[in-house]
Amino acid sequence: MSRPVVRWQIVSPDPNATVRFYRRLFQWETDRANALGYREVPAAEGGMAGGVWPGPEQSQPFVQLFVSVPDLGQHVSRATELGAKVLVPPSVLPDGDTMAVLLDPLRMPFGICTLRDR
Amino acid sequence: MRHFFPGALDFVTGESQPLPTMDFRSALQDEFQRRRRQNPRYSLRAFAHALGTHHRTLSQILRGRRRLTMRTIRRMGSRLLPPSQVAEACIAENCSAILCLVRQHRFRPDARWIAVMAGIPLNSVSIALHRLLHEGRLSMRSTASWVPGRP
């Protein structure tokens, strides 16, 4: 069964500047009222929700996609069998979502997650 | 210049395997000892001057009696290390501060609470949390339980 991309995330060394730029360009609003202080960008009509996460000062900004799966641990195992590396092991976030971040065999980071019912 | 904090900045993209990082206090101690080996008359006062701080302040830092803030690391580090390693030193120090909090009974798995208690900016908390998870030094087992170490 095909698993959907359900979230995007920009990892930026200057998240305030990133948010400022996209707010001015696309009128994206961010909401930080969550336990991680994560800059959530709610889904616009026809789109999907995402967010901006800070990266280290010296890093390059990039976009990460999160794919929703029903069994996170199983998919992490399968991904590693297929040649992926685990960057962030399965973690239960304070707001109830579970996620892991991996590096695919071509060295592109991506996330998998199980979102809590909202 | 010796590389105290070898290229572990890529933990976000996984471009390279993170290497063990030395904390900034140890880096200062090592650098001071290195200079003393080269010149046995090299004093703490001279080292403090080189770092742009008072010798009493430096002494307290070296003995672990004074907390290292990001500001201190940036100010002193800029005189010893390349910018990437100064940034890395800040992350390492923030990781240590967060782990200290995680071990406390009053700990709350909330980035704002951590930021206030550790006295570090919210963005820096996020970066340090990412690092800790990546290195297996912290695990988020449930919405309310963060524990040091791997899941």
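A salt bridge is a side-chain nitrogen of Lys or Arg within 4 Å of a carboxyl oxygen of Asp or Glu. The exercises below concern a predicted model.

**Exercise 1. Determine how many salt bridges cross the interface of chain A and chain B, and which residues form a salt bridge there.**

Solution.
- Step 1. Applied across the interface of chain A and chain B, the rule finds one salt bridge.
- Step 2. Arg74(B) forms a salt bridge with Glu57(A), and their closest N and O atoms are 2.3 Å apart.
- Step 3. The cut-off is 4 Å, and the value of 2.3 Å for Arg74(B) and Glu57(A) satisfies the rule.
- Step 4. Polar contacts are counted separately: eight residue pairs, both members at pLDDT 80 or more, are found across the interface.

**Exercise 2. Describe the side of chain A that touches chain B by its elements and by residue class.**

Solution.
- Step 1. At least two residues each are supplied by H1, strand S3 (50-54), strand S4 (62-68) and strand S5 (85-92) of chain A.
- Step 2. S5(A) gives the largest share, seven residues.
- Step 3. Sorted by class, this side holds 18 nonpolar, eight polar and six charged residues.

**Exercise 3. State how much area is buried between chain A and chain B, and which residues of chain A lose the most.**

Solution.
- Step 1. The contact involves 32 residues from chain A and 31 residues from chain B.
- Step 2. About 2500 Å² is buried between the two chains, and carbon and sulfur atoms give 59% of this area.
- Step 3. In chain A, the residues that lose the most area to chain B are Pro56(A), Leu87(A) and Val92(A), which together account for 21% of what that side buries.

**Exercise 4. Two residues of chain A, Gln27(A) and Arg107(A), have a positive phi. Locate each one and decide whether it is exposed or partly exposed.**

Solution.
- Step 1. Most residues other than glycine have a negative phi.
- Step 2. Gln27(A), although not a glycine, has a positive phi of about 60 degrees. Gln27(A) lies in the loop between helix H1 (15-26) and strand S2 (39-41) of chain A.
- Step 3. The relative accessible area of Gln27(A) is 56%, so this residue is exposed.
- Step 4. Arg107(A), likewise not a glycine, has a positive phi of about 70 degrees. Its loop runs between strand S6 (98-103) and strand S7 (109-114) of chain A.
- Step 5. Arg107(A) has 35% relative accessibility and therefore counts as partly exposed.

**Exercise 5. Analyse helix H6 (residues 111-118) of chain B: its ends, its buried residues and their packing partners.**

Solution.
- Step 1. At the N-terminal end, Asp110(B) caps H6(B), with a side-chain oxygen 2.8 Å from the backbone nitrogen of Arg112(B).
- Step 2. Gly119(B) follows H6(B) and has a positive phi, near 70 degrees.
- Step 3. The buried residues of this helix are Ala111(B), Trp113(B), Ile114(B), Ala115(B) and Ala118(B).
- Step 4. These buried residues pack against helix H5 (83-102), helix H7 (122-134) and S2 of chain B.

**Exercise 6. Establish how the strands of chain B are arranged, and place them in the pattern of the chain.**

Solution.
- Step 1. Chain B has seven helices and two strands; along the sequence they follow the pattern α-α-α-α-α-α-α-β-β.
- Step 2. Strand S1 (residues 138-142) and strand S2 (residues 145-148) of chain B run antiparallel and are joined by four bridges.
- Step 3. S1(B) and S2(B) form a hairpin, with two residues between them.
- Step 4. Within this pairing, Ser139(B) stands opposite Val147(B) in S2(B).
- Step 5. For the chain as a whole, 50% of the 151 residues in chain B are buried.

Terms used:
Residues numbered from 1 in each chain as written. Chains lettered and ligands numbered in written order. Heavy atoms only, no water. Pairing = 2+ DSSP bridges. Buried < 20%, exposed > 50% of the residue type's maximum accessible area, 1.4 Å probe, protein only. Contact = heavy atoms within 4.5 Å. Buried area = accessible area lost by both parts, 1.4 Å probe. Polar contact = N/O pair within 3.5 Å; in protein donor to acceptor, adjacent residues only side chain to side chain. Nonpolar A, V, L, I, M, F, W, Y, C, P; charged D, E, K, R; others polar.
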